[in-house]
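Got your viewer open and a selection box ready? Let's take a walk through this one, stop by stop.

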Amino acid sequence: MGGNSNIKLIDDNGIRIDGRKVDELRPIKIEAGVLKNADGSAYVEIGKNKVLAAVYGPRECHPRHMQNPAKAIVQVKYNMISFSVDDRKRPGPDRRSVEISKIISEAMEYVVFTENYPRTSIDVFIEVLQANAGTRCAGLTAASVALADAGIPMKDLVPAIAVGKVNDQVVLDLNKEEDNYGQADVPMAMIPRTGEVVLLQMDGHLTYDEFKYAISLGKKACAEVYEIQKDALRRRYVVESEAEQEQPVSVPDQEA
Ligand code: ADP
């Protein structure tokens, strides 16, 4: 977030450097159940971001002193792998990944019916394979589909998207250049069924009116992401179970 409004990122026709309008999302692709060995998984592409999420559990919580006798804990580990950015990223956790893991855990803990699974841990691993701004939103979007894929009861799926300000205009779903040289970046996530916001951060500055408009833009975009999330789960379960039913039934040989 450089806040450098001299760099022209939106042309005179209101078109951004990647050809989008200010209120347009990058192309989104979501697939559920992509990993065989996890209890639940999802793959998300938002523009050039590529993110995998895997869920294990509910399973016995270790270390034991972290167990909660009343409910499950949701432990999220967000990681950007070395080749996810232009310069090789130093492997291992850093302040940023610890922060992102924490905010995604808190959002997920709010939607999962944790009281159904006392003393257990639900572990969510988010691996960013390719990063281009908005990875925490892509990670959270993937995590909630992976939790649903694992059959863990939740209030709802959690779509997430970033809004922000570039060249004095409120824009939706910032790309890397807009994130670097824009004036504000506001990642947000919500529960569409209730309208509750479960993640909201702000880097940079917005006026009150810009903030109100940015949130309304983000809410509309979350509704679009939500449909794509549901569609991914529908494809995984409805289409696959229909395909199974259509399998030809083998009839045992009749004795003459
Ligand atoms: P988000 O990915 O949620 O937008 P940030 O705003 O912190 O989170 O990061 C914006 C973008 O900056 C990332 O998506 C990634 O493309 C890039 N980035 C973040 N950390 C690094 C890093 N250590 N090395 C190179 N690029 C990075």
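What follows is a tour of a predicted model, with something to select at each stop.

**Stop 1: the strands β1, β2 and β3**

Start by selecting residues 28–32, which make up strand β1. Show the side chains and look at the two faces. Ile28, Ile30 and Ala32 sit on the covered face of β1, while Lys29 and Glu31 are on the uncovered one. That fits a general pattern: side chains in a regular strand alternate between the two faces of the sheet.

Now add residues 40–46, strand β2. The strands β1 and β2 run antiparallel and are joined by 5 bridges. To find your place in the pairing, pick Lys29: its bridge partner in β2 is Glu45.

Stay on β2 and colour it by accessibility. How many residues of β2 are buried? The count is 7 of 7, so the strand is largely enclosed by the rest of the structure. Both of its faces are covered: Gly40, Ala42, Val44 and Ile46 are buried on one side, and Ser41, Tyr43 and Glu45 are buried on the other.

Next, bring in β3, residues 49–60. The pairing of β2 with β3 is antiparallel too, with 7 bridges. Click Ser41 and look across to Ala54, its bridge partner in β3. Then follow the chain round the hairpin of β2 and β3, where 2 residues lie between the strands. Gly47 in that hairpin takes a positive phi near 60°, a nice one to check on your own Ramachandran plot.

**Stop 2: Glu60, Arg64 and Gln67**

Select Glu60 and Arg64. Their side chains meet in a salt bridge, 2.6 Å from N to O. Buried or exposed, where does Arg64 fall? Arg64 counts as exposed because its relative accessible area is 55%, whereas Glu60, at 42%, is partly exposed.

Keep Glu60 on screen and add Gln67, which is in the loop between β3 and β4 (73–80). The Gln67 side chain reaches the backbone oxygen of Cys61 at 3.3 Å. Leaving aside neighbours within four places in sequence, Gln67 is in contact with Glu60, Cys61 and Arg119.

**Stop 3: Thr114 in its loop**

Jump to Thr114, in the loop between α1 (95–111) and β5 (120–130). Being in a loop doesn't leave this residue out in the open: Thr114 is buried because its relative accessibility is 4%, and the cut-off for buried is under 20%. What does Thr114 touch, beyond residues up to four places away in sequence? Show Lys71, Ala72, Val74 and Glu109 to see those contacts.

**Stop 4: Cys137 in helix α2**

Select residues 135–149 for helix α2, then pick out Cys137. Its relative accessibility is 3%, so Cys137 counts as buried. Setting aside residues up to four places away in sequence, Cys137 touches Ala160, Ile161, Ala162, Pro187 and Met188. Draw a C-alpha to C-alpha distance from Cys137 to Met188: you should get 7.4 Å, for two residues 51 apart in sequence.

**Stop 5: salt bridges across the chain**

Stay with helix α2 and go to Asp149. Asp149 forms a salt bridge with Arg236, and their closest N and O atoms are 2.9 Å apart. The pair links distant parts of the chain, with Asp149 in helix α2 and Arg236 in helix α4, 87 residues apart. Asp149 is buried, with a relative accessible area of 7%, while Arg236 counts as partly exposed at 22%.

Now try Glu210 and Lys165, whose side chains meet in a salt bridge of 3.2 Å, N to O. Glu210 lies in helix α4 and Lys165 in strand β6 (160–166), so this pair ties together parts 45 residues apart in sequence. Glu210 and Lys165 are both buried.

For a group selection, take Arg16, Asp18, Arg20, Arg26, Asp173 and Glu178. These residues are linked in a network of salt bridges. Over the model, the salt-bridge count comes to 17.

**Stop 6: a patch on helix α4**

Finish by switching on the surface and selecting Tyr237, Val238 and Val239. They make a nonpolar surface patch of about 250 Å². Val238 is in helix α4, residues 208–245, and counts as partly exposed because its relative accessibility is 40%.

Note on methods. Residues are numbered from 1 along each chain as its sequence is written. This is a predicted model: local features need pLDDT of at least 70, side-chain atom pairs count only at pLDDT 80 or more; totals for chains, interfaces and linings use all residues. Side-chain values use heavy atoms; hydrogens and water are left out. Patches are made of residues with over 30% relative accessible area and no salt bridge: like charges are joined within 9 Å, nonpolar side chains (Val, Leu, Ile, Met, Phe, Trp, Tyr) within 5 Å. Accessible areas come from the Shrake-Rupley method with a 1.4 Å probe; for residues, only the protein chains shown count as cover. A salt bridge is a side-chain nitrogen of Lys or Arg within 4 Å of a carboxyl oxygen of Asp or Glu. Helices (H or I, at least four residues) and strands (E, at least two) are DSSP runs, numbered from the N terminus. Buried means under 20% relative accessible area, exposed over 50%, partly exposed in between (1.4 Å probe, protein chains only). Contact means heavy atoms within 4.5 Å. A polar contact is a pair of N or O atoms within 3.5 Å; within protein, one must be able to donate a hydrogen and the other to accept it, and residues adjacent in sequence count only if both atoms are side-chain atoms. Two strands pair if DSSP finds at least two bridges between them.
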